[in-house]
Amino acid sequence: MKFKVSRKQALIGLLVVAVLGAGGTWYYFHQQEAGKTTAQGGPGGFGGPGGPGGPGGMRNRPVSVVAATVKTGDIVVTQTALGTVTPRNVVTVRSRVDGELTRVYFKEGEEVEVGPLLAEIDPRSFQAALKQAQGALDRDRALLRNAELDLQRYKTLMEQDSIAKQTLDTQEALVRQYQGVVLADQGQVDSAKLQLDYRRVIAPITGHIGLRLVDPGNIVHASDTTGLFVIAQTKPITVVFTIP
């Protein structure tokens with residue numbers, strides 16, 4: 001079956017298609033604008049009537065409540081950072097006397113306690129000084145003893161009125177003089193003993209010994225700034241982190 005379409009009918013059909021296409025386009029864009037209005041707070045939007053933030057929105061909705069047991073505990077916060085290990089005490093051991101370093105009794109890096117002998121300086125000069133001071137002390141003690149005996153004799157003679165008062169006074173002054181000399185000699189002996197003791201180098205703290213700064217056979221002095229070795233305390237020890 002064949003249909004004949006006139007020119008007038010064709011134009012009417014094209015006009016109907018155009019109108020339908022325009023209406024569909026307008027409806028599509030109208031729906032897009034309505035969606036934006038709802039999202040921005042218009043009617044039915046977040047802030048509009050009926051929206052979550054508007055009247056009758058989230059504020060009127062029921063809130064979920066969950067029961068839990070109250071308890072105390074630690075909140076662990078872990079941060080990873082580089083730290084610097086710092087000993088609490090670091091001692092540079094120096095010689096207190098002058099002399100030749102003869103022996104070393106430690107190994108580099110080992111842990112040492114307070115007290116044991118670590119190094120030794122040639123003791124011969126200090127032993128000789130001690131003997132000299134001890135000899136002077138013995139000599140002056142003998143002179144003091146003789147002066148005290150003479151003083152006792154002079155007192156007896158003074159009671160017998162056999163000597164002048166001036167002789168007795170002179171002898172008393174001589175006894176006091178020898179007493180002062182003996183006291184000074186005793187100080188020299190104590191100083192010589194102390195110097196002899198200082199030639200023994202011991203650890204002042206407990207820790208690890210670093211590098212040996214002076215080898216045996218070298219002459220060391222009390223005025224040396226480098227020292228013989230360094231001891232660092234490691235128990236306990238401090239670690240410093242550069243974090244807030």
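This is a short chat about a predicted model and how its helices and strands are arranged.

Reader: Ground rules before we start: what kind of model is this?

Author: It is a predicted model: local features need pLDDT of at least 70, side-chain atom pairs count only at pLDDT 80 or more, and totals for chains, interfaces and linings use all residues. Residues are numbered from 1 along each chain as its sequence is written, and side-chain values use heavy atoms, with hydrogens and water left out.

Reader: How many helices and strands are there in the protein?

Author: Three helices and 10 strands. Both are DSSP runs, numbered from the N terminus: helices are H or I with at least four residues, strands are E with at least two.

Reader: In what order do the elements run from the N terminus?

Author: α-β-β-β-β-β-α-α-β-β-β-β-β.

Reader: What share of the residues is buried?

Author: Buried residues make up 21% of the 244 in the protein. Buried means under 20% relative accessible area, exposed over 50%, and partly exposed in between, with a 1.4 Å probe and protein chains only.

Reader: And contacts? What share join residues at least 24 apart?

Author: 70%, among contacts between residues at least 6 apart in sequence. Contact means heavy atoms within 4.5 Å.

Reader: Helix 3 next. What should its span be, and what is the distance between its end C-alpha atoms?

Author: Helix 3 covers residues 165–198, which is 34 residues. At 1.5 Å a residue it should span 50 Å, and its end C-alpha atoms are 50 Å apart, which agrees. The expected span is 1.5 Å times one less than the number of residues.

Reader: Which residues of helix 3 are buried?

Author: L168, Q171, V175, Y178, V182, D185, V189, A192 and L196.

Reader: Why would residues three or four places apart point the same way?

Author: An α-helix has 3.6 residues a turn, so residues three or four places apart point the same way.

Reader: What covers those buried residues of helix 3?

Author: The cover includes helix 2 (124–159) and strand 6 (200–202).

Reader: How do the axes of helix 2 and helix 3 cross?

Author: They come within 8 Å and cross at roughly 160 degrees. That makes helix 2 roughly antiparallel to helix 3. The axes are lines fitted to C-alpha atoms, for helices over the stretch in contact, with angles from 0 to 180 degrees between N-to-C directions. Under 35 degrees counts as roughly parallel, over 145 as roughly antiparallel, 65 to 115 as roughly perpendicular and the rest as oblique.

Reader: Pick a residue on each side. What does L168 touch?

Author: L168 is in helix 3. It counts as buried at 8% relative accessibility. Leaving out residues up to four places away in sequence, L168 touches L151, Y154, K155 and M158. L168 and R153 are 15 residues apart in sequence and 9.4 Å apart in space, C-alpha to C-alpha.

Reader: And D140, buried or exposed?

Author: D140 is buried, with a relative accessible area of 5%. It lies in helix 2. Not counting residues up to four places away in sequence, D140 touches V181, V182 and D185.

Reader: Where is D161?

Author: In the loop between helix 2 and helix 3. D161 is exposed, with a relative accessible area of 65%. Its phi is near 60 degrees, a positive value in a residue other than glycine.

Reader: Where is the cis peptide bond?

Author: It joins K235 and P236, with omega about -5 degrees. P236 is in the loop between strand 9 and strand 10 (237–241).

Reader: Now sheets. What is the order of the open sheet that has strand 2 in it?

Author: The order is 2-9-7-4, four strands with antiparallel pairing. Two strands pair if DSSP finds at least two bridges between them. Strand 2 (90–93) and strand 4 (111–112) are at the edges with a single partner strand each, so one side of each is left without a neighbour in the sheet.

Reader: How many bridges join strand 2 to strand 9?

Author: Four, and strand 9 covers residues 229–232. T92 stands opposite V230 in strand 9.

Reader: What about the open sheet with strand 6 and strand 8?

Author: Four strands again, in the order 6-5-3-8, and the pairing is antiparallel. Strand 6 and strand 8 stand at the edges, each with a single partner strand, so one side of each has no neighbour in the sheet.

Reader: How does strand 3 pair with strand 5?

Author: Strand 5 (residues 117–121) runs antiparallel to strand 3, joined by three bridges. R103 has E120 as its bridge partner in strand 5.

Reader: And with strand 8?

Author: Strand 3 (residues 99–104) pairs with strand 8 (residues 219–220) in the antiparallel sense over two bridges. G99 stands opposite V220, and E100 has I219 as its bridge partner.
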